[in-house]
Amino acid sequence: MNPPPDKKTERDVAAEAWMLMSDLVLDQDRRRRVAEATGIGFSQARAVRRVARRPMPMRELAAMLDIEPPNASVLVNRLEEEGLVRRESDPADRRTRLVTATRKGKALARKAEAILRTPPPALSALGDQDLKALARILDKTAEPGAPRRREG
């Protein structure tokens, strides 16, 4: 038996909330602004942001970006040509090459992060109580073991 049309199920409400969050987070204007400010595509900026946090092997970068390792190689080649990253030997294992952000890459990552860290006006307009409630709810829904991006 289906619920009445005006009675939403918990699943309907969860799906609606998820779509609203997706629309907010995946706003294409923010991606466009990152691309314009950095002079590279959003996917490339995303890769630079990852290695600016810490050097990592190509395979790990590919996994973080959810792309195949050969595609990660092509991406890193482009970023190397732009002077944003370099490949270095891993001091712990000389057989492994780490992708590391250059000074130019770290500056680009900071620029992209500043854009992405700025909340949309509608979110900034919420009151302190609503923002704390939202943060608490999102914290409860985070995947176990997922890195927390809270800043003190």
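In this predicted model, Arg-53 is partly exposed, with a relative accessible area of 43%. The side chain of Arg-53 meets that of Glu-113 in a salt bridge, with 3.0 Å from N to O. Because Arg-53 belongs to helix α3 and Glu-113 to helix α6 (residues 103-117), this pair ties together parts that are 60 residues apart in sequence. The acidic partner sits in another setting: Glu-113 has a relative accessible area of 12% and is therefore counted as buried.

The helix that carries Arg-53 also leads to the sheet. Helix α3 (residues 42-53) lies across β1, β2 and β3, and it runs at about 120° to β3. The sheet itself is open and is built from 3 strands in the order β1-β3-β2, with antiparallel pairing. The edges are taken by β1 (56-57) and β2 (85-90); each has a single partner strand, so one side of each is left without a neighbour in the sheet.

It is helpful to follow the two pairings in turn. Strand β1 is joined to strand β3 (residues 93-101) by 2 bridges, and the two run antiparallel. Along this pairing, Met-56 stands opposite Val-99 in β3, while Pro-57 has Leu-98 of β3 as its bridge partner. On the other flank, β2 and β3 pair over 6 bridges, again in the antiparallel sense. Here Arg-87 is the residue that stands opposite Val-99 in β3. Val-99 is thus faced by Met-56 and by Arg-87. The connection between β2 and β3 is a hairpin, with 2 residues between the strands. As a general point for reading such a sheet, side chains in a regular strand alternate between the two faces.

Strand β3 brings the description back to charged pairs. Arg-95 forms a salt bridge with Asp-93, and the closest N and O atoms are 3.0 Å apart. At 75% relative accessibility, Arg-95 counts as exposed, whereas Asp-93, at 24%, counts as partly exposed. Elsewhere, salt bridges that share partners join Asp-29, Arg-32, Arg-33 and Glu-36 into one network. In total, the structure holds 10 salt bridges.

Within that network, one pair can be described in detail. The side chains of Arg-32 and Asp-29 meet in a salt bridge of 2.1 Å, N to O. Both residues lie in helix α2 (residues 28-38), where they are 3 residues apart, about one turn of the helix. Neither end of the pair is buried: Arg-32 counts as partly exposed at 40% relative accessibility, and Asp-29 is partly exposed as well, with a relative accessible area of 30%.

Helix α2 is also the place of Thr-38. With a relative accessibility of 14%, Thr-38 counts as buried. Leaving aside residues up to four places away in sequence, Thr-38 touches Ala-45, Leu-108 and Ala-112. Of these contacts, Ala-45 falls within the range of helix α3 (residues 42-53), and Leu-108 and Ala-112 fall within that of helix α6 (residues 103-117). The C-alpha atoms of Thr-38 and Glu-80 are 15 Å apart in space, and the two residues are 42 apart in sequence.

The surface offers two further features. Trp-18, Met-19, Met-21 and Leu-138 make a nonpolar surface patch of about 410 Å². Helix α1 (residues 10-25) gives the most to this patch, with 3 residues. Leu-138, in turn, is found in helix α8 (residues 128-141), and at 38% relative accessibility Leu-138 counts as partly exposed.

The other feature concerns the backbone. Asp-66 has a positive phi of about 60° although it is not a glycine. Asp-66 is placed in the loop between α4 (58-65) and α5 (69-81). In that loop, Asp-66 is exposed, with a relative accessible area of 70%.

Note on methods: Residues are numbered from 1 along each chain as its sequence is written. This is a predicted model: local features need pLDDT of at least 70, side-chain atom pairs count only at pLDDT 80 or more; totals for chains, interfaces and linings use all residues. Side-chain values use heavy atoms; hydrogens and water are left out. Patches are made of residues with over 30% relative accessible area and no salt bridge: like charges are joined within 9 Å, nonpolar side chains (Val, Leu, Ile, Met, Phe, Trp, Tyr) within 5 Å. Accessible areas come from the Shrake-Rupley method with a 1.4 Å probe; for residues, only the protein chains shown count as cover. A salt bridge is a side-chain nitrogen of Lys or Arg within 4 Å of a carboxyl oxygen of Asp or Glu. Helices (H or I, at least four residues) and strands (E, at least two) are DSSP runs, numbered from the N terminus. Buried means under 20% relative accessible area, exposed over 50%, partly exposed in between (1.4 Å probe, protein chains only). Two strands pair if DSSP finds at least two bridges between them. Contact means heavy atoms within 4.5 Å. Axes are lines fitted to C-alpha atoms, for helices over the stretch in contact, and angles run from 0 to 180 degrees between N-to-C directions.
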